[in-house]
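Me: I am new to this structure and would like a close look at one part of it. Please take the aromatic rings and their surroundings, then go on to the helix faces and the cavities.

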Amino acid sequence: MGISFWWILLLFAGIIYFLYAKVISNRNKMLEALSGIDVQMKKRFDLIPNILKIAQKFLEHEKNLITEITQLRTKVQSDYNKKDKNAVAEHLSVAEGLQSKMGQLMISAENYPNLKSNETMVQAMRTYNEVEAEIAAARRFYNAAVTQLNNSVQIFPSSFIASIIGIEDMPFLKTDEKEKAPIDVDKFLK
Amino acid sequence: MLDVFFRFLNLFYRVLDLFGLKKFFSLNNIIHIKDLFSLKDLFNLVFFNKIQHLDENDCFKDDAGTEKPFKPHYNKYILPLVKEFEEKRLVALQKVRHRIFISVFLCLALFLLPIDFSNDPKYFGISNKAIFVTTFDPFYIHFHSNLRALFTVFIALFFIAYVYFPIAIYHSSIKYKILPLVFTFFDFYDNSKNASSIEFLKPFGIIPKYDNIDLKYNVKGANNNVGIELIETILEQIVHTKRGREQTTVFSGIFVLFTMNKTFKGKTIIIHDLGLIVNWVKEQFSNLENIKLEDPVFEDKFQVFSTDQIEARYLLTPAFMERLLALSSMFNNKIKFSFYNNKLLLMIETAENRFKPDSIFMPSTFEYDIKTVLIEMQAIFNIIDTLKLSEKTGL
């Protein structure tokens, strides 16, 4: 076998390695992004009890909502397998649910002037909004990382490598259907 | 030949530098020299000693469109200095006039004298009709007609500089005494004593390497609860070429430092897209990651590097990216951004001085100078509105 055969083999091995490294690094980037969301959600997790404590005094008619939030908060903190597509989708779905319920709580608070003007509540809401902004940024990073991972998993030839090493595409963070619906402003202004 | 010319020019600048005069004659400051090319005014000055005088009753027209009128501030702080500067201006113009006469006389004497350079290489060029000694180049050179022409140009440059010098001094005094008073109208103060260099901006990661700095001004203040620091400067780098040491301008423009309405820990820089390979190299050799964002227009125009992927997206929301694009087009895309230490630094490149003085032939009312400052400050404040830096939405 001539030298040129070994050079071709070396080149081929180099290409395979490059594709392998690309898929793995994209997967790791996605895991990093997912951790980023969890870190930001931990901040929200720590903030929620303070908000609920203040809100409970005023929102006597929203006890169901407060209970749901408490339950979702506990659920979102439970461990999950970051490499399992279904477990990640479930975790993100619970996180989305929590965000939705917190949004409802903030809207309900608007109907209680005493709660709205409470200094501690104002500060807590301001901090909450900052944390939400950071979560939004983390979600954008996650979606960008998932795009890159899914591209390498679905497009040949890296898809071939991904299928051999068992890396699957991951779900995007999707907006809740209710949040996509147009808002009836009149409902709020009554 | 060109080589010899640049050697002469280098030597000329080194001599000026030795006497601390280089800042008046640097190519970037040469804007004041346009005063010498107001031919009608120059003609009237030289031949008729005719100068436009100050009308004390009509010093300033307040039509720059500022939020509050500038005229009361002008009457209180600047008007008292108008007479003093008018006297300085008249003295400077008389000096220019005398120097023009001296220069013309010397030039005529120098070039009407018969000069004959021997073809025979010698250290001193000596003829039997005139003696002309030169020490411009201690090295062995042949004198011939081309070199004589070059020498003529060099002498002309020297006399232009000699005539121009009083104009440069006069404009310099306006810059140091009048401009700070204009900035106080916006509650901005002169910060150049506290920050005489821009070393504190280096951590932002967008300052080019430089060897010399010509700091035009450094002012600090606030608008709409947003802290602003404004620095106009020229950065030069010394390069070694075949002709010797040369100075090239690596940046000429302004730095604007805003306090941000968001808190962040890392560093995010936004520069123009350098191309795939350069972006990759930049990422490998710095601790910054290349950030891919969702806005395709923004991605096409800019490249973002950051220490934190999430923080970069926290700062660069889709709405903010749109605002940055709008701002960039306002400055012909010659702008870079950096977020660091809870501040936003804008590096805006401009080919000419932002704050240009009026001609020395105009009376010292400073109307033109002041209006230039007012318009420029308004442009800076518009940046705050464009980027919505004063809003704390928490979103």
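Reply: What follows goes from ring pairs to charges over rings, then to one helix and two cavities.

The model is predicted. Start with the rings. Over all chains, the count comes to 15 aromatic pairs. Take A:Tyr17 and A:Tyr20 as one of them. Their ring centres are 6.3 Å apart and the planes stand at 45°, so this pair is tilted. Rings pair if their centres lie within 6.5 Å, and planes neither under 30 degrees nor over 60 degrees apart count as tilted. Both tyrosines belong to helix 1 of chain A, which spans residues 3–58. A:Tyr17 and A:Tyr20 are three residues apart, about one turn of the helix. An α-helix has 3.6 residues a turn, so residues three or four places apart point the same way. How open is each tyrosine? A:Tyr17 has 55% relative accessibility and therefore counts as exposed. A:Tyr20, at 35%, counts as partly exposed.

Now turn to chain B. The rings of B:Phe298 and B:Phe302 have centres 5.0 Å apart, with planes at 45°, so this pair is tilted. B:Phe298 has 0% relative accessibility and counts as buried. B:Phe302 also counts as buried, at 0%. Chain B holds a cluster of rings as well. Ring pairs link B:Phe70, B:Phe185, B:Phe186, B:Phe188 and B:Phe381.

Rings can also have a charge over them. In chain A, A:Arg73 lies over the face of A:Phe45, at 3.7 Å from the ring centre. In chain B, the charged end of B:Lys267 sits over the ring of B:Tyr340. There the distance to the ring centre is 5.6 Å.

Next comes a helix with two sides. Helix 6 of chain A covers residues 158–165. Its buried residues are A:Ser158, A:Ser159, A:Ile161 and A:Ala162. Why do they line one face? Seen down the axis of helix 6 of chain A, the buried residues fall within an arc of 160°, so they line one face of the helix. On the other side, A:Ser163 and A:Ile164 are exposed. A:Gly166 follows helix 6 of chain A, and its phi is positive, near 80°.

Last, the cavities. There are four cavities of 30 Å³ or more. The largest has a volume of about 70 Å³. Its lining includes B:Tyr170, B:His171 and B:Ile174. Also among the lining residues are B:Asp358, B:Met362, B:Phe366 and B:Asp369. Helix 5 of chain B, residues 145–177, gives the most to this lining, with three residues. By type, the lining of the largest cavity divides into six nonpolar, four polar and two charged residues.

The second largest cavity has a volume of about 40 Å³. It is lined by residues of chain A, among them A:Met41, A:Arg44, A:Glu96, A:Arg139 and A:Leu173. Helix 1, helix 3 (85–109) and helix 5 (119–154) of chain A each supply at least two lining residues. Helix 3 of chain A provides the largest share, four residues. The lining of the second largest cavity divides into five nonpolar, one polar and three charged residues. Helix 1 of chain A thus appears twice in this tour. It holds the pair A:Tyr17 and A:Tyr20, and helix 1 also helps to line the second largest cavity.

Methods. Residues numbered from 1 in each chain as written. Chains lettered and ligands numbered in written order. Predicted model: local features only at pLDDT ≥ 70, side-chain atom pairs only at ≥ 80, totals over all residues. Heavy atoms only, no water. Phe/Tyr/Trp six-rings, centres within 6.5 Å; stacked < 30°, edge-to-face > 60°. Buried < 20%, exposed > 50% of the residue type's maximum accessible area, 1.4 Å probe, protein only. Lys NZ or Arg CZ within 6 Å of the ring centre and 35° of its normal. Arc of directions from axis to C-beta. 1 Å grid on protein atoms, 1.4 Å probe; cavity = no way out; pocket = protein on both sides within 12 Å on 5 of 7 lines; lining within 4 Å. Points joined across faces, edges and corners; volume = space filled by probe spheres on them. Nonpolar A, V, L, I, M, F, W, Y, C, P; charged D, E, K, R; others polar.
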